[in-house]
Amino acid sequence: MKLSFSIHYHTFPGQQPKVTGSVSALGMFENDKAPLMQLVDLQIGLWKLELEIPENIEFSYRYTIKDDNFSAYLDEWGADRIFEPAATGIESFLLMDKWRATSNPEYALFSSAFLNAILKPASQK
């Protein structure tokens with residue numbers, strides 16, 4: 001089965017997105033083994049990765065930025081993404097995702113400060 005990952009992310013020189021996940025083709029969540037994405041459109045920051053995996057395998061994945069300037073990785077915020085293929089015989093999928101930044105206000109209420117303290121149900125305090 002052919003998978004095409006696509007994400008918009010504006011990088012700085014020395015940075016390159018990777019897709020890491022729970023299958024060997026995605027490095028088994030080891031950032032150093034995850035495949036690098038290729039820049040498709042500099043102006044809009046469009047990155048893509050195409051790869052083949054065995055058919056009908058469910059897996060989880062996430063995006064990370066390899067930053068050679070600081071010899072570090074910047075992981076996106078939030079839970080892993082889940083890919084669940086239907087048993088329909090479809091041979092290729094396009095996964096178009098959006099980078100989940102920690103600074104995005106949509107995610108503030110899901111931070112550990114809110115979930116484990118401020119919004120924690122009284123029965124769990």
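Among contacts in the chain between residues at least 6 apart in sequence, what percentage join residues at least 24 apart? The figure is 60%. The model is predicted. Its chain holds eight strands and one helix. Four of the strands form an open sheet of mixed pairing.

**Chain layout**
- The chain has 125 residues, and 36% of them are buried.
- Along the sequence, the elements follow the pattern β-β-β-β-β-β-β-β-α.
- The pattern thus lists the eight β entries ahead of the α entry.

**The four-stranded sheet**
- The strand order across this open sheet is S3-S4-S1-S8.
- Its edges are strand S3, residues 38–41, and strand S8, residues 92–98.
- Each edge strand pairs on one side only.
- On average, neighbouring strands in this sheet are turned by 30° against each other, with direction ignored.

**The S1–S8 pairing**
- Strand S1 covers residues 2–8 and runs parallel to S8.
- Seven bridges join S1 and S8.
- One bridge links Ile7 to its partner Asp97 in S8.
- S8 is thus both the partner of S1 in this parallel pairing and an edge strand of the sheet.

**Surface**
- The accessible surface of the chain comes to about 7900 Å².
- Carbon and sulfur atoms account for 55% of that surface.

Note on methods
Residues are numbered from 1 along each chain as its sequence is written. This is a predicted model: local features need pLDDT of at least 70, side-chain atom pairs count only at pLDDT 80 or more; totals for chains, interfaces and linings use all residues. Side-chain values use heavy atoms; hydrogens and water are left out. Two strands pair if DSSP finds at least two bridges between them. Helices (H or I, at least four residues) and strands (E, at least two) are DSSP runs, numbered from the N terminus. Axes are lines fitted to C-alpha atoms, for helices over the stretch in contact, and angles run from 0 to 180 degrees between N-to-C directions. Buried means under 20% relative accessible area, exposed over 50%, partly exposed in between (1.4 Å probe, protein chains only). Contact means heavy atoms within 4.5 Å. Accessible areas come from the Shrake-Rupley method with a 1.4 Å probe; for residues, only the protein chains shown count as cover.
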